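Here is an informal walk through one protein model, meant to be read with the structure open beside you. Keep the viewer handy and click along as the residues come up.

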Amino acid sequence: METAWDDQLRAAGLRVTRPRLSVLGVLAEHPHVDADTIATAARAVHPSISPQAVYGVLKALVGSGLARRIEPAGGPALYELRVGDNHHHLVCRGCGAVADVDCVVGAAPCLAPSDAAGFAVDEAEVVFWGLCADCQVQRSRPGYATGTTSGEGVGA
């Protein structure tokens, strides 16, 4: 049975395997997810998939350009399928929620360093930090105790 991912895997030079299809299915439904969550969700479709297999699949998908790995400070690496457009991310300091934000200004790489030091810059990665709407509401409630102000809630 052909899946929507078969052609993309083959075009990227990867074999079509059940673990790869399982991981791609999870990533399609859950962008910005960590490897442990991917492994747990993938087991629902492919019960014998091991965490090591998931890490191997993620490495292959990122290496082939089918997936992207982002590493917000203070949290685990996250994976997504939105690749090749040099978009950026918003990260909530309270709950760790992540949202995509398109390139800030102009064409990729969006930002130019003041001194490229001889590098040919082809990508800029920007992470915006703040509080999501839900965390803002929660913190505005009477009796809320402050404490999560430096990102310690990220990845929780």
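Starting at the N terminus, the elements of the protein chain come in the order α-α-α-α-β-β-β-β-β-α. That makes 5 helices and 5 strands. Keep in mind that this is a predicted model. The protein chain has 156 residues, and buried ones make up 32% of them. As for contacts with a separation of 6 or more, 50% of them are between residues 24 or more positions apart.

**Helix α2 and what packs on it**

A good place to zoom in is α2, which covers residues 18-29. This helix has 12 residues and reaches 17 Å from its first C-alpha to its last, close to the 16 Å expected at 1.5 Å a residue. Which residues of α2 are buried? They are R20, S22, V23, L24, V26 and L27. The cover over these buried residues includes α1 (6-11), α3, α4 and β2 (78-80).

A general point helps when you look down the helix axis: an α-helix has 3.6 residues a turn, so residues three or four places apart point the same way. In α2, S22 and V26 are both on the buried list, and both also help to line a pocket.

**The second largest pocket**

That pocket is the second largest one, and about 170 Å³ of space lies in it. Its lining is made of R18, L21, S22, G25, V26, E29, H30, A41 and V45. Which helix gives the most to this lining? It is α2, with 6 residues. Both α2 and α3 supply at least two residues each. By type, the lining divides into 4 nonpolar, 3 polar and 2 charged residues.

**Two histidines in loops**

H46 sits in the loop between α3 (35-45) and α4 (51-64). Despite being in a loop, H46 is buried, with a relative accessible area of 9%. Leaving aside residues up to four places away in sequence, H46 touches R18, P19 and S22. Two of these contacts, R18 and S22, also appear in the pocket lining.

The other histidine to look at is H32, in the loop between α2 and α3. Is H32 buried or exposed? H32 is buried, at a relative accessible area of 13%. Its backbone is worth a click too: H32 has a positive phi of about 65 degrees, although it is not a glycine. For background, most residues other than glycine have a negative phi.

A117 is another non-glycine residue with a positive phi, near 50 degrees. You'll find A117 in the loop between β4 and β5 (127-130). A117 counts as exposed, at 55% relative accessibility, whereas H32 is buried.

**Salt bridges**

Side chains of opposite charge can pair when their charged atoms come close. The structure holds 6 salt bridges. Here are some of them, with the distance between the N and O atoms:

| Pair | N to O distance |
|---|---|
| R69 and E71 | 3.0 Å |
| R82 and D85 | 2.5 Å |
| R82 and D100 | 3.6 Å |

How open to solvent are the partners? R69 is partly exposed, at 39% relative accessibility, while E71 is exposed, with a relative accessible area of 54%. D85 counts as partly exposed at 31%, and R82 as partly exposed at 28%.

R82 pairs with D85 and also with D100. D100 belongs to strand β4 (residues 98-101) and R82 to the loop between β2 and β3 (88-92), so their salt bridge ties together parts that are 18 residues apart in sequence. D100 is partly exposed, with a relative accessible area of 30%. Through shared partners, salt bridges join R82, D85, D100 and D102 into one network.

**One last stop: G63**

To finish, go back to helix α4, where G63 is placed. G63 is exposed, with a relative accessible area of 70%; the cut-off for exposed is over 50%. Along the chain, G63 and A12 are 51 residues apart, yet their C-alpha atoms are separated by 9.4 Å.

How values were computed:
Residues are numbered from 1 along each chain as its sequence is written. This is a predicted model: local features need pLDDT of at least 70, side-chain atom pairs count only at pLDDT 80 or more; totals for chains, interfaces and linings use all residues. Side-chain values use heavy atoms; hydrogens and water are left out. Helices (H or I, at least four residues) and strands (E, at least two) are DSSP runs, numbered from the N terminus. Buried means under 20% relative accessible area, exposed over 50%, partly exposed in between (1.4 Å probe, protein chains only). Contact means heavy atoms within 4.5 Å. On a 1 Å grid over the protein atoms alone, a cavity is a set of points where a 1.4 Å probe fits but cannot get out, and a pocket is an open set with protein on both sides within 12 Å along at least five of seven lines; lining residues have an atom within 4 Å of a point. Grid points are joined across faces, edges and corners, and a volume is the space filled by probe spheres set on the points. Ala, Val, Leu, Ile, Met, Phe, Trp, Tyr, Cys and Pro count as nonpolar, Asp, Glu, Lys and Arg as charged, and the others, Gly among them, as polar. The expected span of a helix is 1.5 Å times one less than its number of residues. A salt bridge is a side-chain nitrogen of Lys or Arg within 4 Å of a carboxyl oxygen of Asp or Glu.
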